[in-house]
Amino acid sequence: MWSAKIFTLYPEFFPGLLDMGMYKRAREKNIWKLDIVNIRDYALDKHGSVDDKPFGGGRGMLMRADVIDHCLINNQNNNPTIYLSPKGKTLNQDMVKNFSLQNGLNILCGHFEGVDQRVIEKNNIEEISIGDYVLSGGETAATVLLDSVLRLLPGVLGAEGSLQEESFNDNLLEYPQYTQPREWEGKKVPDVLLSGNHAEIKHWRLEQSRSITQRLRPDMWQKYNKNKN
Ligand code: SAH
């Protein structure tokens, strides 16, 4: 069973969106489980303080290293721990695939201005960003991360074959797709898709993927060509 453990000051965020549809069913089937740890339960003083002002000045509050460390020590397991942070390595599909192959993931969600850096260093925690923008907390980022990972776990999606031809596999974006009606507002579905010729369809789709990637994502196009040679 793939195990997600989330360290947060806002446990009420979860399971949130992860309690719907296929993820709910997958959790009931024990394909994955979710443990929510409330960092506030590990506060070290009687006021339950979890944050304080940054040394050196600046606005906002920082989450305390001692409180987070106390929380981590009391909730150890063998899975990697990551901290969601705009400073981290930007999440991509290869990283997502890798996470899905582990036994699970421990996810530290920051809030306010973030976390005292010492607890990240002490515990060798990898920092991961979900993109170049700033959120108010790691909880939404954790939801995004888990959505991307959980759908790769065997048995979560109905048609597992469909994972093979998705965007970002082999550094290509997906080809365009069409369904009924065959003609809509004067626009026809490309003939080749109605031909029943599987080899030709496959060829057309690859060519579409290649030209879309070349046009929209020169960075991916470069990687695609490098990997091919
Ligand atoms: N002062 C920080 C931003 C803190 S935002 C800075 O300038 O870098 C508060 C929390 O939201 C962070 O601790 C982190 O857990 C989460 N967060 C914000 N943006 C994020 C992003 N792009 N990816 C992942 N987590 C993010």
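Rings of Phe, Tyr and Trp (its six-membered ring) pair if their centres lie within 6.5 Å; planes under 30 degrees apart count as stacked, over 60 as edge-to-face and the rest as tilted. This is a predicted model, where local features need pLDDT of at least 70, side-chain atom pairs count only at pLDDT 80 or more, and totals for chains, interfaces and linings use all residues. Numbering runs from 1 along each chain as its sequence is written, and side-chain values use heavy atoms, with hydrogens and water left out.

**Exercise 1. Work out how many aromatic pairs there are, and classify each one.**

Step 1: apply the ring rule, and the count comes to two aromatic pairs.

Step 2: take Phe13 and Phe14. Their ring centres are 6.3 Å apart and the planes are at 45°, so this pair is tilted.

Step 3: check accessibility, where buried means under 20% relative accessible area, exposed over 50%, and partly exposed in between (1.4 Å probe, protein chains only). Phe13 counts as partly exposed because its relative accessibility is 38%, while Phe14, at 8%, is buried.

Step 4: turn to Trp221 and Tyr224, a stacked pair with 5.4 Å centre to centre and 20° between the planes. Both residues are buried. They lie in helix α7 (residues 218–228), three residues apart, about one turn of the helix. Helices here are DSSP runs (H or I, at least four residues), as are strands (E, at least two), numbered from the N terminus.

**Exercise 2. Find the residues with the most contacts inside the largest nonpolar core, and say which element gives the most to it.**

Step 1: recall that a nonpolar core is a set of buried Ala, Val, Leu, Ile, Met, Phe, Trp, Tyr and Cys residues joined through side-chain atoms within 4.5 Å.

Step 2: the largest one has 31 residues, and Trp2, Trp32, Phe99, Ile107 and Leu145 have the most contacts inside it.

Step 3: look at the suppliers. Elements giving at least two residues each include β1 (2–8), β2 (32–38) and α3 (93–101). Helix α5 gives the most, with six residues.

Step 4: zoom in on Leu145. Leaving out residues up to four places away in sequence, Leu145 touches Ile82, Leu84, Leu91, Phe99, Leu105 and Ile107, where contact means heavy atoms within 4.5 Å.

Step 5: go back to Trp32. The charged end of Arg27 sits over the ring of Trp32, 5.5 Å from its centre; the rule wants NZ of Lys or CZ of Arg within 6 Å of the ring centre and within 35 degrees of the ring normal.

**Exercise 3. Place Asp116 and decide whether it is buried or exposed.**

Step 1: Asp116 sits in the loop between β6 (104–109) and α4 (117–122).

Step 2: its relative accessibility is 17%, so Asp116 counts as buried.

Step 3: list the partners. Not counting residues up to four places away in sequence, Asp116 touches Met63, Arg64 and Ala65. Its side chain also makes a polar contact with the side chain of Arg118 (2.7 Å).

**Exercise 4. Track down the cis peptide bonds at Pro15 and Pro181.**

Step 1: Phe14 and Pro15 are joined by one, with omega about 0°. Pro15 is in the loop between β1 and α1.

Step 2: Gln180 and Pro181 are joined by another, with omega about -5°. Pro181 is in the loop between α5 and β8 (183–184).

Terms used: A polar contact is a pair of N or O atoms within 3.5 Å; within protein, one must be able to donate a hydrogen and the other to accept it, and residues adjacent in sequence count only if both atoms are side-chain atoms.
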